Amino acid sequence: MQLTNRSKVVTQPEMTWVEKLYLPAIFSGLQITIKHLFRKKATLKYPEVKKEFASVYRGMHVLKRDEQGRENCTACGLCAVSCPAEAITMDAAERKKGEEHLYREEKYAAKYEINMLRCIYCGLCEEACPKDAIYLTDRIVPSEYTRGEFVFGKDMLVEKIDDRVDVSKRKKEYSI
Amino acid sequence: MSIILFKAILVVLLFLISLGIAAYSTYAERKVAAFLQDRIGPDRAGPFGLLQPIADGVKMFLKEEIIPTMSDKFLFILGPSVFMVTTLMVSAVIPWGMPLEFGGETYALQVADINIGILYVLGVVSLGVYGIMIGGWASNNKYALLGAIRASSQMISYELAMGMSVVAILLMTNGSLSINNIVEAQGTGKLYGFINVSGMNWNVFYQPVAFLIFLICAFAEANRTPFDLPESESELIGGFHTEYSSMKLGLYLFGEYINMFISSAIIACLFFGGYNFPGIDYLGTILPHNMVSIISVLVMFGKIFFFIFLFMWVRWTIPRFRYDQLMRLGWQILMPIAIVNVLLTAAAITLFGN
């Protein structure tokens, strides 16, 4: 029964005398390789030249601070809820008097952990965050020796005050 | 300057040049491979990676020397030595350029112009099998033995076709076996009897089939792809040098590249006019004799480098043969073609003269 017209009859025709010589085939092969001799080389000299990541690249997370160096995260838990891999856990705490320069709002994350082995780098936490607090960056997750070390706490995730992470390319402006 | 001193200098020079070219062939091989695959290749050691062979050599020397306990120690050491010595010996009969002249005396740029030159080459090259065979046997390793057996049967099979293709050349030089005579014959006379370009009367224009057979056999003799079954990494780990380490392995790898260099030199001598180049007579009238000699040496090396490049170019183009295909090609195709070629050449010479 014929279902479509696309079927092709497979044949294995007898090779002609010229084909049996194999020399023409070898010469055309040599031609192909010699063309590659003059092609542009694909190599990047890695440590000196680095390939730029695409702007949509999703690498290691960062917990942002605002312009005055206060943590944005309010431990609302939306990122943890949205996470399909259930990689994010956190403990919330109330901001004490005298900590206004550390946390932007009255509630903050006392503990914030992402299990980098569970994380699938989908970026849904970034989508869910209402406070501009979590972003995926173009940094690569460092390698560790044990599984436990891959649970990154705030020490690994929160950006340093004197070493800010630029996420301007990933910031999206929504308008309703 | 006595002739003996000159020859001694020539021998030392040849030795150093062979080793130098072998060392830089490893570099060139990696570079060519890289370029043909759109990569850059080694470029970290020195400018363009030119110091890479030195780094490789130092690495080879500093590696741990392992001699397997169950191996035959004497033969194990003898193997690479024999291989290296035989490969280096061939360069003695190759004329590298036109003779130099100092104070009315001529100094041939050839260590020994023996009248059985090409026979000597074939003989010494086939001695090289012993290096591989002894090494593979002494390793007491199945893979090494398989590689050695493959190497020896392959080299013996292809030597026949090689010798037959050379016979056709010998017929054209009135049966002279001296490589010097063969090269000189290609520098005189007119191409096809009427094209009058001096130094262009190359054998390849008369014997393209013999050239092709010789080239294929040279690939097989040098154990290069597509005939690298003796050391096929994917099947036999390393073939005959599986058990070798450090500089003994280095000698085998080096020997292969010297083999390649010598094969290229012989191909250039037999088929591409050796040191002859178009317009060699004209240059002789306007430049001093020694100048032309030096240019002829450079031309010779240019031809050699081209063939070394061809070896590499083919290596990175064609995959490896299956072993039965290899034997079939050698015995059932190349041999008959070579014999028919000899008969046709002989008939043509008898009928039309030279």
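This report describes chain B of a predicted model, its helix α12(B), and its contacts with chain A.

**Chain B as a whole**

Chain B contains twelve helices and two strands. In sequence order these elements follow the pattern α-α-α-β-β-α-α-α-α-α-α-α-α-α. The radius of gyration of chain B is 21 Å, close to the 20 Å that the globule rule gives for 354 residues, so chain B is as compact as a globular protein of that length. Its C-alpha trace spans about 65 × 45 × 45 Å along the principal axes. Of the 354 residues in chain B, 44% are buried. Among contacts in chain B between residues at least 6 apart in sequence, 78% join residues at least 24 apart.

**Helix α12(B)**

The table lists the basic values for this helix.

| Property of α12(B) | Value |
|---|---|
| Residue range | 323-352 |
| Number of residues | 30 residues |
| Span from first C-alpha to last | 42 Å |
| Expected span | 44 Å |

The span of α12(B) is thus close to the expected one. The helix bends by about 35° at Leu334(B), and a proline, Pro336(B), follows within four residues. Leu334(B) is also one of the buried residues of α12(B), which further include Leu326(B), Leu329(B), Gly330(B), Ala338(B), Asn341(B) and Thr345(B). Among the elements that cover these buried residues are α5 (142-172) and α7 (208-221) of chain B.

**Contacts between the chains**

Eleven residues of chain A are in contact with ten residues of chain B. On the side of chain A that touches chain B, five residues are nonpolar, four are polar and two are charged.

Note on methods. Residues numbered from 1 in each chain as written. Chains lettered and ligands numbered in written order. Predicted model: local features only at pLDDT ≥ 70, side-chain atom pairs only at ≥ 80, totals over all residues. Expected span 1.5 Å × (residues − 1). Bend = angle between axes of the 7 residues up to and from the residue. Buried ≥ 20, exposed ≤ 12 C-beta atoms within 10 Å, placed from the backbone. Contact = placed C-beta atoms within 7 Å. Nonpolar A, V, L, I, M, F, W, Y, C, P; charged D, E, K, R; others polar. Rg over C-alpha atoms; globule rule 2.2 N^0.38 Å.
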